[in-house]
Number of protein chains: 2
Amino acid sequence: MSPRRVTLADVAKAAGVSRPTASLVLSGRGRELRISQDVEQRVLRTAEELQYRPNIVSRGLRTGTTRTIGFVSDTVATSRLAGDMIKGALEAARERGFMLFIGETEGDAELERLLLQAMHDRQVDGLILASMFTRTIKVPPSITASPAVLLNALPSQPTRLPSVLPDEVEAGRRAARVLLDAGHRDDIYLIGAGPALRDVPPESVAAVERLIGIREAFAEAGVEAAGARPCPDWQQDLGLAATRDLLESARPRALICFNDRIAMGAYQALDDAGLDVPGDVSVVSFDDHPIASWIRPKLTTVALPHYELGRKAVDVLFTEIGRDHATADRRGEVHRVPMPVRDRESIAPPSA
Amino acid sequence: MSPRRVTLADVAKAAGVSRPTASLVLSGRGRELRISQDVEQRVLRTAEELQYRPNIVSRGLRTGTTRTIGFVSDTVATSRLAGDMIKGALEAARERGFMLFIGETEGDAELERLLLQAMHDRQVDGLILASMFTRTIKVPPSITASPAVLLNALPSQPTRLPSVLPDEVEAGRRAARVLLDAGHRDDIYLIGAGPALRDVPPESVAAVERLIGIREAFAEAGVEAAGARPCPDWQQDLGLAATRDLLESARPRALICFNDRIAMGAYQALDDAGLDVPGDVSVVSFDDHPIASWIRPKLTTVALPHYELGRKAVDVLFTEIGRDHATADRRGEVHRVPMPVRDRESIAPPSA
DNA sequence: GTCCGTTGCTAAATCGTGTTAGCGCCCGAT
DNA sequence: ATCGGGCGCTAACACGATTTAGCAACGGAC
C-alpha cells in the first residue's frame, strides 16, 4: 500500500552517521553531547528531505510516554453540551501534540473498568474522568496507575486526585446580582430548589452550591427571597408545575430558575397566566442549554463553561503529569472554572 | 507510583517456562505448535494469577497493529447530532477491542494534515474521515497510508475509499409516502428546495437526493407537488420567510420541509396565519434534530441515523482492514444507511 | 615517548512482545 | 549401533526508537 515509513535508521544511513547520533541530533541533545555542527546540519537536512517522522509507538515502548491521554466519561459524547468539554480537551491536548482516546462508560462500573484497562494497555500518559453533570463519583482503584484528573465530578472518598468543576457558588451569586442590578429587591422567587439548603434534588451538587451563592448575594444586599418551589428533578414539566403552583398564591416579579429546562416550564406557566417576560416577570437561569437561545424572549442564564472545563482539565492533567512523583503529597485540589452570565432578553427592571 | 506492570517475562518466569512459550500459549497458538497440556495450563493459570495484560504498545511495535482507529471529522464532537456518530463508532469499535482517537479539523486542511500525521505516527490501524453534514470532500493524499472510510462524505475525485452515507433518496420517498399514506394528494408544497432539481442550496447532496426521492414517490402515486419554495440555506428564518411567501398566494394542505429548522420556521408562519398543524396543514420534515421533539405539535420527521452511521463506518472499516491488499482492486463502494421515519403529531388526513 | 584530557562519535543494551529456526530428547526402524 | 523423525520447548532476532557506556583520534604537558 504505502511505501513503508521512513525510519530513524534510514535517516542515519542517508546522512552517513549511526542511528544514535541521528537520534541525539533530532532530540535536540546534539549540542549537549558535542555533536559537530557539520553532522548536525547533515542529519537535520536529511531528516527533512526524507520527511522523517518518529514512530510514537516505538518511542512509547522505550520511554513509556505515548503523548496520549484518555478521556473517559459517563455519556459525554452524546450530549451537545458536554461535547464542548471534549472539544476543549481536544484542542488543549493538540496544542501540546497530544491525542485523545475517548471512551464512554454509560455509568456501568464494569465497562469503566474495562475501558480504563484498555487505556492503560495502551500506556496513556494520563486520564481524565469526566461526568456529564456535576456529581460525586466512586473513583475506580485502577485509576492510580497513571496521573488523572476528575472533570465535573467530586470523589466520593478522599483522594489525591485533583478535580475541575464549574464555580457554581459564584454562579449563584451572579444570577442573584443580575436581578439585584436590574433593581429587583422584592417578590423574587426560586424555582427548582430552596428556600432551605436541604430543599434540593438528591445528589445534586450544583443545586446546593447555586443556592448558597444566591443566598450570599442576597444577604450582602440585605434582600431576601420571597419564597421558593423545589423540584425533585429539574425537568421542564416539573418547572411548569412548580411555577403554576407558585402563581396560585403569589405574584412574583422575578424568578431564579435552577436550570434552563425549568425556566422553559416557567415560561409556559407565566404565559398561561397571561404574564409577560420580562415586562411583568424577569427570569434568570443556569446552564445556557441550547434551548436558552431558542425560546422567546431569549433567556438570560449563567452558562456552564463546558469548553473551558475541558481545557482546564487538560491543563491540570499536564501539571499532574509534570509533577515529580516524590512531591505528590499534595491532596487533590479543586479547580473552579468561572461560569459567565449570558445577558439576553429575559431581564427588566421591576414593574411599578 | 504503581508497582510496575506485569510483563510476559514475569509470567514466563513464574510459570517456569521461556518467554516465547508463554507467548505462544497466550496467543492461542499453543496447540498448533504442540505445547503440552501441562505447560499450557501452567502458563494460563499463572497469567491469570498475576493478572497479566499484554502491553499493546509493545505489540504494536512488533506487529504493526495497535487495535486503534482514528476518527477525524470537521466538527463532529460539538454538534449533538453528530455526537451520536461518535457514539456509534465508539461502541462498534469497543466490541472489537479497539479504541478511538478523536480529532477535529474545523475544516482547516492544514490542521487535517497534521492530525492525520499525528494519527499515523501512532500507527492507527484505520481511519474514519467524517463530515458533520453530507457533502463532497477533497480526500487528503496521506489518507492512503492506512485503510480508511469516508463517513457522511463523498470523495470529490474518484478514489478507492468506501463511503458510508444516509440513504437520502429513500428518505425522500418515505417523507412523501407519509403524506400519501395519510391521504394527501393535492396542495402539497415543498419548502427548502425544488421543484426542479437545480433549485437546491449549493453543495447540498442531501437536497438533491431528497428531492429525487420525493419526486419518485409522487410519480409512482401519480401525484404532483403543487409547488415549492427553495431556500438558499436551511435556516429557521429562511423557512419562515419562504412559508410566509407561499401563504400569500396559496393555501397548502401539506408541507414537506427539507429539514427540521425550516419546519420550525414553517410552524411559525402557519401559526401567524392562523393555520393549525396538523388540522389544517400537515408537516413532514427531515433530520430529527432535537427541536423536532421540542416543538408542539411534535414534528414527524425522517431521521438522520447518526448512531447507525457511526457503527456502519466502523464495520466497513474493519472489512477494509481485513481485506487482502492484493485484492484491493475494488473501487470505493457507497454504503447507504436507512433513514427511519419518526412518526409524531404533525400529520393528519387532509382537511375536507 | 608516555600519559592524560578532550572531542566526536558509535557499540550495545533496553523497552515488551511476536516469530522463525533449530536444539535436544526419545522412540522406532534399519 | 546408527539413523530418521516426531515431540516439546528455547535461542535468537526483529520492531523503532532512546540512553549509557565507552572507543578512537588528537593535542598538549611533562
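These points cover a predicted model of two protein chains with two DNA strands.

1. **Overall form of chain A.** Chain A contains 12 helices and 12 strands. Its radius of gyration is 27 Å, whereas a compact globule of 352 residues would have one near 20 Å. Along the principal axes, the C-alpha atoms of chain A fill a box of roughly 90 × 40 × 40 Å. Buried residues account for 48% of the chain. Among contacts in chain A with a separation of 6 or more, 71% join residues 24 or more positions apart.

2. **Surface near DNA strand D.** There are 26 residues around DNA strand D. The nearest are T7(A), L8(A), P20(A), S18(B) and T21(B). Both chains therefore appear in that short list, given a cut-off of 6 Å from the C-beta atom. Five helices each give at least two residues to this surface: α1 (8–15), α2 (19–26) and α4 (56–63) of chain A, with α2 (19–26) and α4 (56–63) of chain B. The largest share, 5 residues, belongs to α4(A). By class, the surface has 12 nonpolar, 9 polar and 5 charged residues.

3. **Surface near DNA strand C.** DNA strand C is also surrounded by 26 residues. Here the closest are T21(A), S36(A), T7(B), L8(B) and P20(B). Chain A supplies at least two residues from each of α2 and α4, and chain B does so from each of α1 (8–15), α2 and α4. The largest share is 5 residues, from α4(B). The class split is 12 nonpolar, 9 polar and 5 charged.

4. **The six-stranded sheet of chain A.** This is an open sheet with mixed pairing, in the order β7-β6-β8-β9-β10-β12. Its edges are β7 (227–230) and β12 (341–342), each paired on one side only. Inside the sheet, β9 (residues 282–287) and β10 (residues 300–303) of chain A run parallel, joined by 4 bridges. F286(A) has V302(A) of β10(A) as its bridge partner.

5. **The six-stranded sheet of chain B.** Chain B has an open sheet of 6 strands in the order β7-β6-β8-β9-β10-β12, with mixed pairing. Its edge strands are β7 and β12 (341–342). Strands of a sheet pair through backbone hydrogen bonds, either parallel or antiparallel. Both senses can be followed in chain B. β8(B) and β9(B) are parallel, with 3 bridges, and L255(B) stands opposite V283(B). β10(B) (residues 300–303) and β12(B) are antiparallel, with 2 bridges, and V302(B) stands opposite V341(B). Strand β9 of chain B is mostly covered, with 6 of its 6 residues buried.

6. **Helix α9 of chain B.** This helix covers residues 236–249. Its 14 residues reach 21 Å from first C-alpha to last, close to the expected 20 Å. The buried residues of α9(B) are L238(B), G239(B), L240(B), A242(B), T243(B) and L246(B). They pack against β6 (188–192), β7 (227–230), β8 (254–257) and α10 (260–272) of chain B.

7. **D233(B), in the loop before that helix.** D233(B) sits in the loop between β7 and α9 of chain B. It counts as partly exposed because it has 13 C-beta neighbours inside 10 Å. Leaving out residues up to four places away in sequence, D233(B) touches P201(B) and L238(B). G192(B) is 41 residues away from D233(B) in sequence, yet the two C-alpha atoms are 7.9 Å apart.

8. **Backbone points to check by eye.** Most residues other than glycine have a negative phi, and most peptide bonds are trans. The following go the other way.
   - The bond joining R296(A) and P297(A) is cis, with omega about -10°. P297(A) lies in the loop between α11 (291–294) and β10 of chain A.
   - The bond from V277(B) to P278(B) is cis, with omega near 0°. P278(B) is in the loop between α10 and β9 of chain B.
   - N152(B) has a positive phi of about 60°. It belongs to strand β4 (residues 148–155) of chain B, and counts as buried because it has 30 C-beta neighbours inside 10 Å.
   - D287(B) has a positive phi near 105°. It lies in strand β9 of chain B, and is buried, with 28 other C-beta atoms within 10 Å.

Methods: Residues numbered from 1 in each chain as written. Chains lettered and ligands numbered in written order. Predicted model: local features only at pLDDT ≥ 70, side-chain atom pairs only at ≥ 80, totals over all residues. Nonpolar A, V, L, I, M, F, W, Y, C, P; charged D, E, K, R; others polar. Rg over C-alpha atoms; globule rule 2.2 N^0.38 Å. Buried ≥ 20, exposed ≤ 12 C-beta atoms within 10 Å, placed from the backbone. Contact = placed C-beta atoms within 7 Å. Expected span 1.5 Å × (residues − 1). Pairing = 2+ DSSP bridges.
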